[in-house]
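Visitor: I am new to this one. Could you show it to me and explain the terms as we go?

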Amino acid sequence: MNCYDRRDLGLLLLRLGTGGVLAAHGTQKLFGWFGGHGLEGTGQFMESVGYTPGKQSATAAGLAEAGGGTLLALGLATPAAGAAAAGAMAGAAAVHMPNGFFAQEGGYEYAATLGLAAAGLAVAGPGRLSLDHAFGHVFDRGWMVPVALGVTAAATALVVGARNRRVRAKTEGEQEVLFED
């Protein structure tokens with residue numbers, strides 16, 4: 001007989017909530033569901049904020065969010081799922097960083113919260129009420145946590161760094177009008 005404790009229930013709730021929100025955001029990007037703009041519209045937005053090429057950036061972000069979120073909710077491949085979702089949220093936070101912390105001002109609060117929850121789940125594991133547990137943790141080994149987070153951190157640093165250089169070059173290339181006619 002299995003006896004689930006409150007840690008298992010808490011991880012299940014956190015996985016379902018975080019994973020569900022991430023999956024919904026990802027499907028907005030990929031398919032235009034839930035009022036999203038699909039790959040075309042999201043790709044145009046990605047281009048406008050410095051993630052190029054836009055459509056490929058939208059695809060990568062959508063897959064990381066929808067795929068990572070779905071896997072987190074299921075508790076399957078939790079280290080990779082959490083890392084992928086956290087990386088996508090780091091990319092989103094970079095866009096919102098100039099607006100400060102709070103979401104009501106357009107800040108990075110929301111993206112940071114989702115990213116930290118996803119990373120925390122990658123580290124803590126899915127609990128016993130998960131597919132990882134049911135499959136004997138084949139996709140949830142201890143060594144997978146630092147590998148998944150490390151690879152994702154390196155890839156995210158490269159992508160966000162390139163985006164920040166593009167944004168900086170664009171803004172430095174613009175000159176302020178000194179005198180009006």
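Guide: Here are some short questions about this predicted model, with their answers.

Visitor: What makes up the fold, helices or strands?
Guide: The protein has seven helices and zero strands. Along the sequence the pattern reads α-α-α-α-α-α-α. The C-alpha trace spans about 80 × 35 × 30 Å along its principal axes.

Visitor: Why is H3 called oblique to H4?
Guide: Two packed helices are described by the angle and the distance between their axes. Here helix H3 covers residues 54-74 and helix H4 covers residues 78-96. Their axes come within 8 Å and cross at roughly 140°. Roughly antiparallel would need an angle over 145 degrees, and roughly perpendicular runs from 65 to 115. The angle fits neither class, so H3 is oblique to H4.

Visitor: Which hand does the crossing of H3 and H4 have?
Guide: That crossing is left-handed.

Visitor: Why is Leu-131 called partly exposed?
Guide: Leu-131 has a relative accessible area of 30%. Buried means under 20%, and exposed means over 50%. The value lies in between, so Leu-131 counts as partly exposed. Leu-131 sits in helix H6, which covers residues 131-134.

Visitor: What makes the nonpolar surface patch that includes Leu-131?
Guide: Leu-131 is joined there by Leu-74, Phe-135, Val-138 and Phe-139. The patch is about 430 Å².

Visitor: How many of the residues count as buried?
Guide: The protein has 181 residues, and 38% of them count as buried. For each of these, the relative accessible area is under 20%.

Definitions and conventions. Residues numbered from 1 in each chain as written. Predicted model: local features only at pLDDT ≥ 70, side-chain atom pairs only at ≥ 80, totals over all residues. Heavy atoms only, no water. Patch = residues over 30% accessible without salt bridge, like charges linked within 9 Å, V, L, I, M, F, W, Y side chains within 5 Å. Areas by Shrake-Rupley, 256 points an atom, 1.4 Å probe, with all protein chains shown as cover. Salt bridge = Lys/Arg side-chain N within 4 Å of Asp/Glu carboxyl O. Helix = DSSP H or I, 4+ residues; strand = E, 2+ residues; numbered from the N terminus. Buried < 20%, exposed > 50% of the residue type's maximum accessible area, 1.4 Å probe, protein only. Axes fitted to C-alpha atoms, helices over the stretch in contact; angles between N-to-C directions. Parallel < 35°, antiparallel > 145°, perpendicular 65-115°, else oblique. Left-handed = near helix turned anticlockwise from the far one by under 90°.
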